[in-house]
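Let's walk through this one by asking what each label rests on. Every answer holds a value up against the rule behind it.

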Amino acid sequence: MRELAVAPDGKAVAAIDTDAVLKVWNLGPAANTDVIEVAGYIGCMAFAPNGQTLAVGLPAKVKLIDVKTCAAKGELSKPEVRRAQVER
């Protein structure tokens, strides 16, 4: 495993494998494991404070995933970075 995140409520664990596969383990009474297809390199991930959403950091965006259904909830685009021209 390359990275691991635990939900604040302790009911889910997410891991990025060395082959860039994202897995989510729901640890409640109906425990299950889901493999989530995410296109692109996953740089980081974190659970929301309520443990219901997983934010996955990709190179140009953050993808939001519903932990229970493993469905995409939305995404946030990386703001464009502009360089200021400096006169010499």
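## Labels and the numbers behind them

Q: Where is L4 found?
A: L4 sits in strand β1, which covers residues 3–6. Keep in mind that this is a predicted model.

Q: Why is L4 called exposed?
A: Its relative accessible area is 53%. The label needs over 50%, so L4 at 53% counts as exposed.

Q: What makes the nonpolar surface patch?
A: M1, L4 and V6 make it, and the patch comes to about 340 Å². To belong to a patch, a residue needs over 30% relative accessible area. L4 has 53%, so L4 clears that bar.

Q: How do you know that β1 and strand β2 pair, and in which sense do they run?
A: Two strands pair if there are at least two bridges between them. Four bridges join β1 to β2 (residues 12–16), so the two count as paired, and they run antiparallel. One of the partners is easy to find: L4 has A15 in β2 as its bridge partner.

Q: What do β1 and β2 form, and what is said of G10 in the turn?
A: They form a hairpin, with five residues between the two strands. G10 in that turn has a positive phi of about 75°.

Q: How many helices and strands are there in the chain?
A: There are zero helices and eight strands. Read along the sequence, that gives β-β-β-β-β-β-β-β.

Q: What makes the open sheet, and in which order?
A: Four strands do, in the order β5-β6-β7-β8, with antiparallel pairing. The twist averages 20° from one strand to the next.

Q: Why are β5 and β8 called edge strands?
A: β5 (44–47) and β8 each pair on one side only. That is what the name edge strand refers to here.

Q: How do you know that β5 and β6 are joined?
A: Pairing takes at least two bridges, and four join β5 to β6 (residues 53–57), so the rule is met. They run antiparallel. Among the partners, C44 stands opposite G57, and A46 has A55 as its bridge partner. β5 and β6 also form a hairpin with five residues between them, and G51 in the turn has a positive phi of about 75°.

Q: In which sense do β6 and β7 pair, and over how many bridges?
A: They pair in the antiparallel sense over five bridges. At least two are needed, so five satisfies the rule. T53 stands opposite D66 in β7, and the hairpin formed by β6 and β7 has three residues between the strands.

Q: Why is β6 called mostly covered?
A: Four of its five residues are buried. A residue earns that word when its relative accessible area is under 20%. For the chain's 88 residues, the buried share is 28%.

Q: Why does I42 count as buried?
A: I42 has 0% relative accessibility, which is under 20%, so the label fits. I42 lies in the loop between β4 and β5. Leaving aside neighbours within four places in sequence, its contacts are R2, I16, A20, L22, V56, G57 and L58. I42 and P59 are 17 residues apart in sequence, with 7.5 Å between their C-alpha atoms.

Q: Why does G40 count as partly exposed?
A: The band between the two cut-offs starts at 20% and ends at 50%. G40 has 46% relative accessibility, so it falls in between. Like I42, G40 is found in the loop between β4 (32–36) and β5. G40 and A60 are 20 residues apart in sequence and 9.6 Å apart in space, C-alpha to C-alpha.

Q: How do you know that K61 and E75 meet in a salt bridge?
A: The rule asks for a Lys or Arg side-chain nitrogen within 4 Å of a carboxyl oxygen of Asp or Glu. K61 and E75 come to 3.6 Å, N to O, so the pair qualifies. K61 is in strand β7 (residues 61–66) and E75 in strand β8 (residues 72–77), 14 residues apart. By this rule the count is one salt bridge.

Q: Why are K61 and E75 called partly exposed?
A: K61 has a relative accessible area of 31% and E75 has 42%. Both values lie between 20% and 50%, so both residues get that label.

Conventions
Residues numbered from 1 in each chain as written. Predicted model: local features only at pLDDT ≥ 70, side-chain atom pairs only at ≥ 80, totals over all residues. Heavy atoms only, no water. Buried < 20%, exposed > 50% of the residue type's maximum accessible area, 1.4 Å probe, protein only. Axes fitted to C-alpha atoms, helices over the stretch in contact; angles between N-to-C directions. Patch = residues over 30% accessible without salt bridge, like charges linked within 9 Å, V, L, I, M, F, W, Y side chains within 5 Å. Areas by Shrake-Rupley, 256 points an atom, 1.4 Å probe, with all protein chains shown as cover. Contact = heavy atoms within 4.5 Å.
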